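Please work through the following exercises with the sequence and the model open beside you. Each task is followed by a solution that proceeds step by step.

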Amino acid sequence: MEDSEKKQLLGLLAEKLNQSVRMYMDNCTRCGACIEACHAYASTGDTRYTAVARAQNIRRLYEKYHSFTGKTAPWLNEAVELDERWMEKVYETAFTCTGCRRCMTYCPFGIDTQQIQVIAKMMLIGADMEPRPLSMKAKGSIAKGEKLEATREKFVKELEKIKPDVIEKWPGKVGDDVIPLDVKGADVLFVSMAEKPSIVPAAAILNAAGENWSLSYFEAVNFGAFLGSPKMTQQIYERIVSEAERLGVKEMVICECGTAYRIMKHVIGKRDFNVITFMQLIDRYLKQGRIKLDKSKIKGRITYHDPCQIARNGGIYEEPRNCLKAMTDDFVEMTPNRQSNWCCGGGGGLVIAAEPEFRLMTSRVKAEQIKATGAKILATACEMCFAQLKDLNDEYELELKVTMVSDLVANALVQ
Amino acid sequence: MADNIWYFVMVPMVYLAVAWCAVGIALRITEVLKAPKLPRTLRIFPEGKGPDDPPVSSLVGAVWDAFTMPSLKRYKPLLWFFLITFHIALFLLVLAHLDLLPQINIMSAESEHMIGNGAVGVVFTVCLLYFLFRRFVGPVREVSVPADYLTLLLLLSIAITGDMISWGNSWSENGFVMTKKDFGAYLDSLIKFTFADPRQFLTGSHLAIAGTHVLLANLFLLVLPFSKIMHVFFAVPLNKLRRG
């Protein structure tokens, strides 16, 4: 490794040494309490995929360059020099962490492995070793923000194509504003997923509730966050924040995308609008009687997978359950659930970045957890979890219908 | 020559070790305080609370988490049992050492024993043996580094010499060789900076064991600021980050 590259990568490490990271680096006693917390270890028994082992890849560099013992007696904490071999080791595990933070609930100190893996990911980007699909998607999102005028017409045309589907689900509203855009002073700015068909159930529900809403031009998903790049993360969320501020909306509602919600809720700082998930909005509509659901539409037992980023890391536990219970009397919980739920194995962008064989192999424990419920329908509230759970369903022959909560709600809407 | 070595270990080295430890701890804490804060929450959201509910008494909660380790109780009950026992024993041992001073008399000044009559030290030692042995098996072995073993071995050595003082000290034909009062006189001379020779207070062949115990304790103080034992100071702030 050339000196200039080494200096640049060590600069990235130093840049991330904030108060919390310093405490995380200095205080882990390697007690091993977190070992069984990770779904990847629980599924494979490979110690490389434990929170402590992943963190050690960065901690050993930290020891070498930022601690007294690492400089004077490197063997004590197995401090290592930064070189190509070590970067390969970092690469081996950094993008195997979904950032679910389940390990944080096991650790007696509450060490946040995700924060440590952000350093690993930033260094991999610096070394040009990051997973290409993620960086390409992140760059694509940023480019879309920069060329909004050029892409606007195409976007509107695509919406025209799905309008009949929205009306089919909710015939109560027809006309040009079935999917409204650029509504100044809207009560709700709905930020959807990238795929246009995913807008259909959301639009039907918002129309059924008689909401004064506007659809965002931008997709909610933040590939910069998956990549671990704070700069790209900010560039991507700023597009949506600017739109919300330009329109003067009261509330930004994030579609079923866990990371997008966490970024918008906790990273963007205080703004003039409130940020909520679509699950909270639907739950509110049900409580206010603004939408009604037909309980006969769902056939078979249903279970719910708590997406890590909106549940453990976002506090949204009951709202999706309320929505499901409004549609069925045959709801069953997974064990464990809520804060302790197993990660699906597809979060942190792994659905896009990781080899399918890897993410399916490391999610065996999730498949077993789902199977034990005896459910016929598996609902979730995150698009990454949805994609991963569909793959798990096929791989482990679970014979379930995997669906999003909003899809079920849109299909059960009644006048 | 040996007399000079014991004197150095039991008097000047104690002062050097304590000063080194205090400065080291202060520097390590300053290093963290000087680092920038992350401008967003690292909270894990508890069940039964909404996403906009503020953390309820997060500092109290963090103190509770740090001292009772509920996550370990749930997921690693055996480790939790030994850790809780270890920390209670450690607290009692610190108290017992303070009680040696003539100014503090939790146990009677005439008592031959320290607090716990030697039993606390044995409990402390057993816990350390458990912590050490679990690092030789299973996945914990794979994630352990030399410092983890050496720190435990150092603590174990301190504990065993302490046990020898508590137990072996009484196994002479004439009963106790050194009593609470004798150790108290030595500690009193230390805190009053009299630089008195410890052999004035601690007589006989057991001086070597007491001296070794002090030497190991000095080593412990020297390495503490650069070891994971710094979690003593960071366990609460770390748990506060999780609490929000």
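**Exercise 1.** What distance separates the centres of domain 1 of chain A and domain 2 of chain A, taken over C-alpha atoms?

Solution. Bear in mind that the model is a predicted one. Begin with the bounds, since chain A is divided into domain 1 (3–129), domain 2 (134–288) and domain 3 (292–414). Then take the centres of domain 1 and domain 2 of chain A over their C-alpha atoms, which gives a separation of 35 Å.

**Exercise 2.** Determine what each chain gives to the contact between chain A and chain B, and describe the side that belongs to chain B.

Solution. Count the residues on each side, which yields 48 residues from chain A and 42 residues from chain B. Next, assign the side of chain B to its elements: those giving two or more residues are α2 (12–34), α4 (70–75), α7 (138–143), α8 (146–167) and α11 (231–243). Among these, α11(B) provides the largest share, eight residues. Finally, sort the residues of this side by character, and they fall into 26 nonpolar, six polar and 10 charged.

**Exercise 3.** Examine helix α10 of chain B, asking how far it reaches and what covers its buried residues.

Solution. Helix α10(B) spans residues 207–223, and its 17 residues reach 24 Å from the first C-alpha to the last, close to the 24 Å expected at 1.5 Å a residue. The buried residues of α10(B) include Ile209(B), His213(B), Leu216(B) and Asn218(B). Their cover includes α1 (2–10), α2 and α8 of chain B.

**Exercise 4.** Which residues have the most contacts inside the largest nonpolar core?

Solution. Within this core of 190 residues, they are Val191(A), Ile205(A), Val253(A) and Ile254(A). Leaving aside neighbours within four places in sequence, the contacts of Ile254(A) include Val191(A), Met264(A) and Phe278(A).

Terms used:
Residues are numbered from 1 along each chain as its sequence is written. Chains are lettered from A and ligands numbered from 1 in the order in which they are written. This is a predicted model: local features need pLDDT of at least 70, side-chain atom pairs count only at pLDDT 80 or more; totals for chains, interfaces and linings use all residues. Two residues are in contact if their C-beta atoms, placed from the backbone, lie within 7 Å. Helices (H or I, at least four residues) and strands (E, at least two) are DSSP runs, numbered from the N terminus. Ala, Val, Leu, Ile, Met, Phe, Trp, Tyr, Cys and Pro count as nonpolar, Asp, Glu, Lys and Arg as charged, and the others, Gly among them, as polar. The expected span of a helix is 1.5 Å times one less than its number of residues. A residue is buried if 20 or more other C-beta atoms lie within 10 Å of its own, exposed if 12 or fewer, and partly exposed in between; C-beta atoms are placed from the backbone. A nonpolar core is a set of buried Ala, Val, Leu, Ile, Met, Phe, Trp, Tyr and Cys residues joined through C-beta atoms within 7 Å. Domain bounds come from an automatic or database domain assignment.
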